[in-house]
Structures are given as C-alpha cells and as structure tokens.
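Here is a short set of exercises to work through with the model open beside you. Try each task before reading its solution.

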Amino acid sequence: MDFKLLWPSTVNQLQNSGLLGDYIGGVWGTIVAAITLTVVFLTWRSARRAEAFNAVLGVLAQMLNTHQSVSDAAGASQFLREFSAIYKIAKRLFPIGPWTVEDRIDIAFTYTFYGINTQALSSLEMYGASEIKVVQDEVARLRDRVTKHKGWFAGHQATYSHYVRNLFAMYTLLDQSRLSDQRKLELGKVIRAKLSNYDQAVLMLNVISHLGREWVSTGITSKYKPFANVPERFFGFDQEFDMKASFPTVLFEWEKAKGKRPRYWSLELGNWKLVATNGERTR
C-alpha cells in the first residue's frame with residue numbers, strides 16, 4: 001500500500017475548497033432555487049390572469065351581443081322625447097316647490113318607464129299622491145288630444161328593463177371579477193363605447209331616478225363613468241339641471257375639452273419629423 005503524506009498547507013487548501021463548495025451549494029444554490037420558484041410562480045399567476053381575462057372577455061362578448069340586439073328596441077331617442085314632455089308638464093304645474101329638479105326627473109322618468117298607469121302612481125306616492133295625480137291626468141290629456149302624441153306614454157318597461165338589466169350585469173360581472181383595476185377600466189371603456197349619447201343620457205336619468213339607485217350604491221357610476229360622453233348641453237328639458245352637480249365624481253368628456261392643451265410646431269426634413277411644443281395653453 002502507498003501512503004502519501006499531506007503537508008499542513010495542502011490540508012488547509014482542501015478545507016478551504018470544502019468550505020467554498022458548502023458556501024456555493026448552500027447560499028447560491030438557495031438563491032437559484034428561490035429565483036426558479038419565483039419564476040414558476042409568476043408564470044403560473046400570469047397564466048391564471050390570462051385565463052380569468054379570457055373568461056370574462058368571453059362572457060362580456062356574449063352580453064354585448066345581447067346589448068346590441070336590445071339597444072335598437074329600447075328606443076332611447078323616443079324615451080327622451082317622452083321624458084322631456086312629462087318633465088315640462090310637471091314643472092309647469094308645480095314651478096315652485098314642492099319638488100327639486102331631481103324630484104321632477106324621478107317623476108318624469110318613472111312615468112316614461114312604466115307608462116300612465118297605477119304602477120307609476122304607486123311608485124311616486126312619496127311625492128304626494130294628489131300632486132302626482134294632477135301630473136298624470138295632464139299627461140293623459142296630452143296623449144289623448146294631440147295627434148302627434150298618439151302611441152306615446154304607453155311605457156318602455158317591456159324593452160328598456162331588459163336593456164338596463166343586461167347593461168348593469170355587464171358592469172357587475174366586470175367589477176366582481178379578479179382582473180386588475182386597469183383591466184377592469186379598459187373593459188369598462190369598451191362597454192361604454194357601445195353606448196350612444198342617447199343611451200348614456202337615458203342611463204344618467206335612470207341613475208338619478210329611484211329606479212336606478214343601485215348604480216350609485218355599488219360604486220359603478222363613479223368607478224366606470226358609463227355616461228361620461230354625454231355633452232354638456234345635451235339635455236334641454238330644464239336649464240337648471242346640472243349634470244356635474246349630480247355626478248361630481250364623473251369626469252365628463254366635455255370637461256377635458258375645456259382644459260389645457262399644448263401648442264405644437266413640426267418640422268420635416270426628408271424622412272425625419274421634429275415636433276416641438278411650448279407647454280400648455282388655455283383653449
């Protein structure tokens with residue numbers, strides 16, 4: 001047998017090499033394992049988010065198709081014409097008290113939705129049964145004596161109820177999903193893009209009325225701003241109506257248009273284009 005004598009310096013080198021191996025295996029091995037685990041977790045979470053997004057998007061696509069099919073039947077422009085006529089009657093009969101602008105909106109919207117019937121009368125008893133009956137009788141006389149109003153004030157419950165329930169369900173589905181807030185807001189804008197100015201105007205009146213209070217209580221109105229595209233002077237039923245006062249948390253499109261914007265200059269040199277600005281100016 002051969003025996004080899006190791007000098008102390010050689011023993012120390014082997015010990016140091018062993019310690020270095022332990023250090024690399026213990027510390028750096030742990031770091032590599034942690035990084036690997038983190039990457040696997042992030043990949044899993046990204047896949048789950050993509051799966052959740054696709055699931056919500058699929059349901060929203062079906063509901064948007066349903067919305068499109070019932071939107072034309074709802075007849076937003078006709079709804080607004082009937083609403084305006086009833087509102088003006090209520091204001092003419094009771095110009096000073098006992099109702100505010102929003103009270104008259106609630107009265108006019110409820111009658112437009114239900115029609116001139118006992119259901120609407122019962123729903124509006126909190127405004128005074130005798131006063132409400134006076135408004136109802138005057139609207140009925142207008143319906144009966146003017147030819148152009150034939151077929152008016154029969155109610156839009158058969159079409160509009162389905163329309164607004166489907167719309168509310170879309171926002172509720174989106175808000176209760178596990179998507180990020182940024183994703184929710186992006187999809188909320190997609191839903192709003194499907195609403196014309198007339199659709200958004202009717203929805204705003206619905207939210208003001210007692211029939212649509214859940215839009216406010218759930219926070220959908222302030223978060224997703226479903227009627228932010230309604231022009232500032234869109235409504236003509238009452239100059240006292242201030243949509244911004246009714247919805248102070250909604251940033252309307254017309255507010256952005258009144259803000260500040262930069263002034264630009266551009267210089268083109270061949271395939272290059274240089275754009276410069278001097279900051280912001282008030283329109």
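Helices and strands here are DSSP runs, a helix having at least four residues and a strand at least two, and they are numbered from the N terminus. Please keep in mind that this is a predicted model.

**Exercise 1. Read the overall build**

Task: Work out how many helices and strands the chain has, and in what order the elements run from the N terminus.

Solution:
- Step 1. Counting the elements gives 12 helices and 2 strands.
- Step 2. Walking from the N terminus, you read α-α-α-α-α-α-α-α-α-α-α-α-β-β.
- Step 3. Of the 283 residues in the chain, 37% are buried.
- Step 4. Take the contacts with a separation of 6 or more: 65% of them are between residues 24 or more positions apart.
- Step 5. The chain exposes about 17300 Å², with carbon and sulfur atoms supplying 57% of that area.

**Exercise 2. Check two helices with a ruler**

Task: Compare the end-to-end reach of H2 with its expected span, do the same for H3, and then decide how far H3 is enclosed.

Solution:
- Step 1. H2 has 18 residues, and from first C-alpha to last it reaches 26 Å, close to the expected 26 Å.
- Step 2. For H3, 14 residues at 1.5 Å a residue should span 20 Å, and the end C-alpha atoms are indeed 20 Å apart. The expected span is 1.5 Å times one less than the number of residues.
- Step 3. Burial comes next: 13 of the 14 residues of H3 are buried, so the rest of the structure largely encloses this helix.
- Step 4. Just past the end of H3, glycine 115 takes a positive phi of about 95°.

**Exercise 3. Classify an aromatic pair**

Task: Decide whether the rings of phenylalanine 79 and phenylalanine 109 are stacked, tilted or edge-to-face.

Solution:
- Step 1. A pair of aromatic rings is described by the distance of the centres and the angle of the planes.
- Step 2. The structure holds 21 aromatic pairs. In the pair of phenylalanine 79 and phenylalanine 109, the centres are 5.1 Å apart and the planes meet at 45°, so the pair is tilted. Planes under 30 degrees apart would count as stacked, and over 60 as edge-to-face.
- Step 3. Phenylalanine 79 belongs to helix H2 (residues 76-93) and phenylalanine 109 to helix H3 (residues 101-114), so this pair links distant parts of the chain, 30 residues apart.
- Step 4. Both phenylalanine 79 and phenylalanine 109 are buried.
- Step 5. Elsewhere, ring pairs join Phe83, Tyr87, Tyr198, Phe234, Phe235, Phe237 and Phe241 into a cluster.

**Exercise 4. Describe the surroundings of isoleucine 105**

Task: Find out whether isoleucine 105 is buried or exposed, and which residues it contacts beyond its sequence neighbours.

Solution:
- Step 1. Isoleucine 105 sits in helix H3.
- Step 2. Its relative accessibility is 0%, so isoleucine 105 counts as buried.
- Step 3. Setting aside neighbours within four places in sequence, isoleucine 105 is in contact with Phe83, Tyr87, Leu205, Ile208, Phe237 and Phe241.
- Step 4. Among these partners, Phe83, Tyr87, Phe237 and Phe241 also belong to the ring cluster of Exercise 3.

**Exercise 5. Follow a salt bridge between helices**

Task: Explain which parts of the chain the salt bridge of glutamate 138 and arginine 92 ties together, and how exposed each partner is.

Solution:
- Step 1. A search of the whole structure finds 11 salt bridges. In one of them, the side chains of glutamate 138 and arginine 92 meet at 3.3 Å, N to O.
- Step 2. Glutamate 138 lies in helix H5 and arginine 92 in helix H2, so the bridge ties together parts 46 residues apart in sequence.
- Step 3. With 11% relative accessibility, glutamate 138 counts as buried, whereas arginine 92 is exposed at 51%.
- Step 4. Beyond residues up to four places away in sequence, glutamate 138 touches Ile89, Arg92, Leu93 and Arg145.
- Step 5. A salt-bridge network also links Lys91, Arg104, Asp238 and Glu240.

**Exercise 6. Look at an unusual backbone angle**

Task: Say where phenylalanine 153 lies and what sign its phi has.

Solution:
- Step 1. Phenylalanine 153 is in the loop between H5 and helix H6 (157-176).
- Step 2. Its phi is positive, about 60°, although phenylalanine 153 is not a glycine.
- Step 3. At 1% relative accessibility, phenylalanine 153 counts as buried.

Methods:
Residues numbered from 1 in each chain as written. Predicted model: local features only at pLDDT ≥ 70, side-chain atom pairs only at ≥ 80, totals over all residues. Heavy atoms only, no water. Phe/Tyr/Trp six-rings, centres within 6.5 Å; stacked < 30°, edge-to-face > 60°. Buried < 20%, exposed > 50% of the residue type's maximum accessible area, 1.4 Å probe, protein only. Contact = heavy atoms within 4.5 Å. Areas by Shrake-Rupley, 256 points an atom, 1.4 Å probe, with all protein chains shown as cover. Salt bridge = Lys/Arg side-chain N within 4 Å of Asp/Glu carboxyl O.
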